[in-house]
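Dear colleague,

Please find below the structure that I promised to pass on to you. My notes on what was found in it follow, with each term explained where it comes up.

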Amino acid sequence: MSVTEQGIQRVRDRERFGPRLAGALIVLACAVGLDVSSVAVVNAALPAIGRGLSMNEATLQWLMTGYAVTFAGFLLFSGRLADIFSRRAVFALGVGVFTVAAFAAAMAPTQGVLIMARSLQGVGAAVSGPAAMALLFQLFPEGPLRNRALGVYTAVGASSFSAGLVFGGLLTDAFGWRSVFVFNAIAGTAVLAGIEPLLPPGTSNRRPLDIPGAAMVTAGLLMAVFGISRGGERGWGDPYAIGALAVAMCALVAFTVWEARTAEPLLPFSIFRSAPVRAATLAAVVFYAVVISVLFFAPLYMQGMLGYSPLESGLAMVPMGALVALFANVATRLMTRGVGQRALMVLGLLLIAGGVAYFTRTPLGGGYLPDILPGVALMGIGQGLAYAGLTAATVTGVPQHQHGVAGAFNITAQQVGGSVGTAVLVVIAAGAAAGPGQQQQLHGYHTAYLLSSIVAVIGAAVIAVMPGLRLAASDPRRRPA
């Protein structure tokens, strides 16, 4: 394509990105931002919730675990729903369930009601997430237009956690813990209001739903995340953790056997013929295993050893969110100019590894500028690049009628990576501490950081040599995925 033709194409792309498409992108980005930030705003409110409803730490953790369990458990089934029924209808259903559950949580009179409402929010997020990703790829055709949309979508999604930490602290301090759920409900209502006028109605693709497969994979993922969470909390000898993981293994093995034999599988294994899908899956697991585990230890270090308040530790992570948003947009511009998904995932994971490795030098009496900010900045830049690359690769080479389940599988990989990574690294950090005292505890954190950085480097190396990945994003002379 000549320079003139490229210029004409860019003008056409700008013309096609009109108010309606921009509005649709805002709705989809706000929905994914709401799903991600809801975890952070609730996390910031946990101490106040504990005081308000007399919940101890063991009970409080179910506000996070309940959401994670139902979210991970229902993702693949929800992705299939988005591929069979109207994506707009499935998206609206998910946002509606999330919003109703948020209202219920805001008014919850007891611990049990709050935990149930929070778990129902996880179901709503699981239903809306894959549909949102499928709608994004449906609305924006491959090329510069999609890359620009991905820049916004990934920037909002990847930066919402750190923003939620700060906003959750502010809301809780100013209005009490129920205000974080009121915020969720109001934001969800606003997203619902934009669905009808801005998103396309979509069409149904009448195919069998594979109920047996849905039951097996949902049960398997529910039990897996529950078992991992329970083991990390109570120890790996806990009978409930062992039992849940055993049930999960049996259910997932049965699911794999069933899917290989059924004519209309819930998870078509054919999507893994796409090298970008395989790379995106690996990148998602490594990304979340490393980043979420570090975000678990960093507040413990800042609050427990540096004396930061919860709000101050949240503010300390704001540069990460800002850099994620900035470099997610940089990444999509690079894809438009021919930089491949592989390069973004590899470079992003290496930068994340460097940022995590920087935390291995944090001292007991550390300062923010010399000891925290450089690592936060490197991780933020790396996350923006890697997340944009893996999101674009998630459905590359996958037929459009399977975009929902492909997106759902990648989000499932993210959840499993985060859950497994955090549980394993908590155990490693505790074992490496080898005694009481903050210095020993910090040594445990450093060991977890070092292992995380090694995992990120290995993940980047595997993706770098993985055969079949497209070498560039939009160069027709290059080998396709």
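**What was found**

Helix H10 (helices are DSSP runs of H or I, at least four residues, numbered from the N terminus) is mostly covered, since 21 of its 30 residues are buried, where buried means under 20% relative accessible area with a 1.4 Å probe and protein chains only. This is a predicted model, in which local features need pLDDT of at least 70 and side-chain atom pairs count only at pLDDT 80 or more, while totals for chains, interfaces and linings use all residues. Residues are numbered from 1 along each chain as its sequence is written, and side-chain values use heavy atoms, with hydrogens and water left out.

H10 covers residues 275-304, and at 1.5 Å a residue (the expected span being 1.5 Å times one less than the number of residues) it should span 44 Å, which agrees with the 44 Å between its end C-alpha atoms.

H10 packs against helix H15 (residues 373-393) at an angle of about 150°, with the axes 9 Å apart; axes are lines fitted to C-alpha atoms over the stretch in contact, and angles run from 0 to 180 degrees between N-to-C directions. The two helices are therefore roughly antiparallel, a term for angles over 145 degrees. Among the residues making the contact (heavy atoms within 4.5 Å) are Ala 280, Phe 287 and Tyr 288 of H10 and Met 379, Tyr 387 and Leu 390 of H15.

Elsewhere, the largest nonpolar core (buried Ala, Val, Leu, Ile, Met, Phe, Trp, Tyr and Cys residues joined through side-chain atoms within 4.5 Å) has 52 residues, and Leu 28 is one of those touching the most other members. Helix H5 (residues 111-139) gives the most to this core, with 9 residues.

Best wishes

How values were computed:
Buried means under 20% relative accessible area, exposed over 50%, partly exposed in between (1.4 Å probe, protein chains only). Angles under 35 degrees count as roughly parallel, over 145 as roughly antiparallel, 65 to 115 as roughly perpendicular and the rest as oblique.
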